[in-house]
Structure formats: structure tokens, C-alpha cells
Amino acid sequence: MENTKLHICDHPLVQHKLSLIRDKNTGSKEFRELVSEVSMLMCYEATRDLPLKSVQIQTPVAIANSSIISGRKLAFVPILRGGLGMVDGAIKLVPAAKIGHIGIFRDKSSGNAAAEYYCKLPFDIDERDVIITDLMLATGVSAVHAVKRVKDSGARSVKFMCLIACTQGANALHEAFPDVDIYCGAMDNELNEDLYIVPGIGDGGDRLFGTK
Ligand code: URA
């Protein structure tokens, strides 16, 4: 994969918090807080290329030549359920962003194909740059489906942000959509027979919502 499309956030805070997230002894409350914190830090990286324009600001002392973000509208689109846990951290950095939702499951009866059960995107998505969130990029099946859906809806650009990717999923997403930047905290090598990332974090949705 072209290096510029895969961004592994090697910031010490992300790596430290990711280790706590991986720990099976981390309970749901702490897990949720850590996911939110890591997502905020990763969102900082994923928005690094937002364009700026020059402005003059009157400070209490003098006029400052300064910068503000110029005219870009963002949307976050979490893939349910896991991606939901990443939204509150990200939205703190970009409070004006809109939030869409897409629900996808892997349909075992049709060879683990992506089956969409819910989709609600901002009505003005054609004016927005979209960051799709999911905890894990495992097989890439859900990610490819979500990116296609968001692109078909007319989004200006799409990025994909996850806590942990694995090689198979990142390659699948990159092959389907070479223009999509992937942001993750770590890249693990393997998927097991249940399609969990190894070593990964286990079932991210269950850990986030305490359902197991
Ligand atoms: N979804 C998860 O929650 N965990 C994985 O390891 C892969 C997909």
C-alpha cells in the first residue's frame, strides 16, 4: 500500500492508551473513556490537512495576523456499533461536524458479505468531507461497504479511522478505494477463524457497551 494512505498514529499517548484498551482486564467504563480519548487524538491527525485562511484578529493588545479553518464542512459516520464509541471524542474537536450512522453486519448465510440494516447520512453530505469510524478494520468487508455508500451519497472526500487495523482489511480497503486515507493506532497481522484481529482487542462492541 502507498505509505501516504496508511497513517499509523505513533504518538506515545495513543500507544499508551491503546495498550490499556487491549488489556482484557480493562472494564467497560474505562474502555469507553480510553476509546474516546484515543479517537480525539487520532482525529487531530486525520484533520491535519484542513485548509486554513488568514484572518486578522483584534486581541486586547493589538491586531494579530492569524488563521482559521476555511470553509470545510465535516461529517463523522460511525459504523454501528463499534464506531459509535469513537464519535464523542472526535466531535469534541470538530463540534460543527454532522454525524451520520451506518449499520452493517457480516451475513454468514451469504459468505460473510456486508448486509446493511441502517443508514442515515446528513442531507448535505455532498458538501462534506467524511470521516468514517469503526473500532477495527478486520476483513475490510464493512469498511468497503461503508465507504462505497458514503461515496455514492456524494461526499466530497472520505477518510477511514479505526483503533486497530489488520493487513488484510487495510489492503482490501486500499484496493477498493485507493484514494481513501486510513488512520489507525496499530496494525496487527492476523485474523483468526472467527475473523477477530489477533491480538486485537476482542469484541470491541461488547467491550464498549458491556454486552458480554
Ligand atoms: N470486530 C471486533 O470487535 N473485533 C475484531 O477483532 C474484529 C472485528
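This is a short talk about salt bridges, a ligand site and some backbone features in one structure.

Hi everyone, and thanks for coming. One thing before we start: what you see above is a predicted model. Let's begin with charged side chains.

How many salt bridges does the structure hold? There are 15 of them, and I'd like to walk you through a few.

Take R81 and D206 to begin with. Their side chains meet in a salt bridge, with N and O 3.1 Å apart. Have a look at where the two partners sit, because this pair links distant parts of the chain, 125 residues apart. R81 is in the loop between β4 (73–80) and α3 (87–93), while D206 belongs to helix α6, residues 204–209. Are these partners buried or partly exposed? R81 has 34% relative accessibility, so it counts as partly exposed. D206, at 12%, is under the 20% cut-off and therefore counts as buried.

Next comes K98 with D124, another salt bridge, where the closest N and O atoms are 3.4 Å apart. Here, too, distant parts of the chain are linked: K98 is in strand β5 (residues 98–99), and D124 is in the loop between β7 (113–120) and β8 (128–137), 26 residues apart. K98 is partly exposed, with a relative accessible area of 29%, whereas D124 is buried, with 5%.

My third pair is R156 and D129. Their closest N and O atoms are 3.9 Å apart, and they form a salt bridge. R156 sits in the loop between α4 (141–152) and β9 (157–166), D129 sits in strand β8, and 27 residues separate them. R156 has a relative accessible area of 45%, so we call it partly exposed; D129 has 7% and is buried. There is a bit more to this one: R72, D129 and R156 are joined into one network by salt bridges that share partners.

While we are on charged residues, please find K159 in strand β9. Its relative accessibility is 10%, so K159 counts as buried. Which side chain does the side chain of K159 contact? That would be D49, through a polar contact of 2.8 Å.

Now let's turn to the ligand. Around the ligand you will find M136, A138, L195, Y196, I197, G202, D203 and G204. Several backbone atoms come into play here. A polar backbone atom of I197 is 2.7 Å from an oxygen atom of the ligand, and one of G202 is 2.8 Å from a ligand nitrogen. G204 also has a backbone N or O atom 2.7 Å from an oxygen atom of the ligand. On its own the ligand has 240 Å² of accessible area, and the protein covers 83% of that. The space the ligand takes is the largest pocket.

Last topic: the backbone. Most residues other than glycine have a negative phi, and most peptide bonds are trans, so exceptions are worth a look. The peptide bond from L80 to R81 is cis, with omega near -5°, and this is the R81 that bridges to D206. Another cis bond runs from V198 to P199, with omega near 0°; P199 lies in the loop between β13 (197–198) and α6.

As for phi, L195 has a positive value of about 65° although it is not a glycine. You have met L195 already, since it is among the residues around the ligand. L195 is in the loop between β12 (190–191) and β13, and its 22% relative accessibility makes it partly exposed.

That's my tour. Thanks for listening!

Terms used:
Residues numbered from 1 in each chain as written. Predicted model: local features only at pLDDT ≥ 70, side-chain atom pairs only at ≥ 80, totals over all residues. Heavy atoms only, no water. Salt bridge = Lys/Arg side-chain N within 4 Å of Asp/Glu carboxyl O. Helix = DSSP H or I, 4+ residues; strand = E, 2+ residues; numbered from the N terminus. Buried < 20%, exposed > 50% of the residue type's maximum accessible area, 1.4 Å probe, protein only. Near = heavy atom within 4 Å. Polar contact = N/O pair within 3.5 Å; in protein donor to acceptor, adjacent residues only side chain to side chain. Areas by Shrake-Rupley, 256 points an atom, 1.4 Å probe, with all protein chains shown as cover. 1 Å grid on protein atoms, 1.4 Å probe; cavity = no way out; pocket = protein on both sides within 12 Å on 5 of 7 lines; lining within 4 Å. Sits in = over half its atoms within 2 Å of the grid points.
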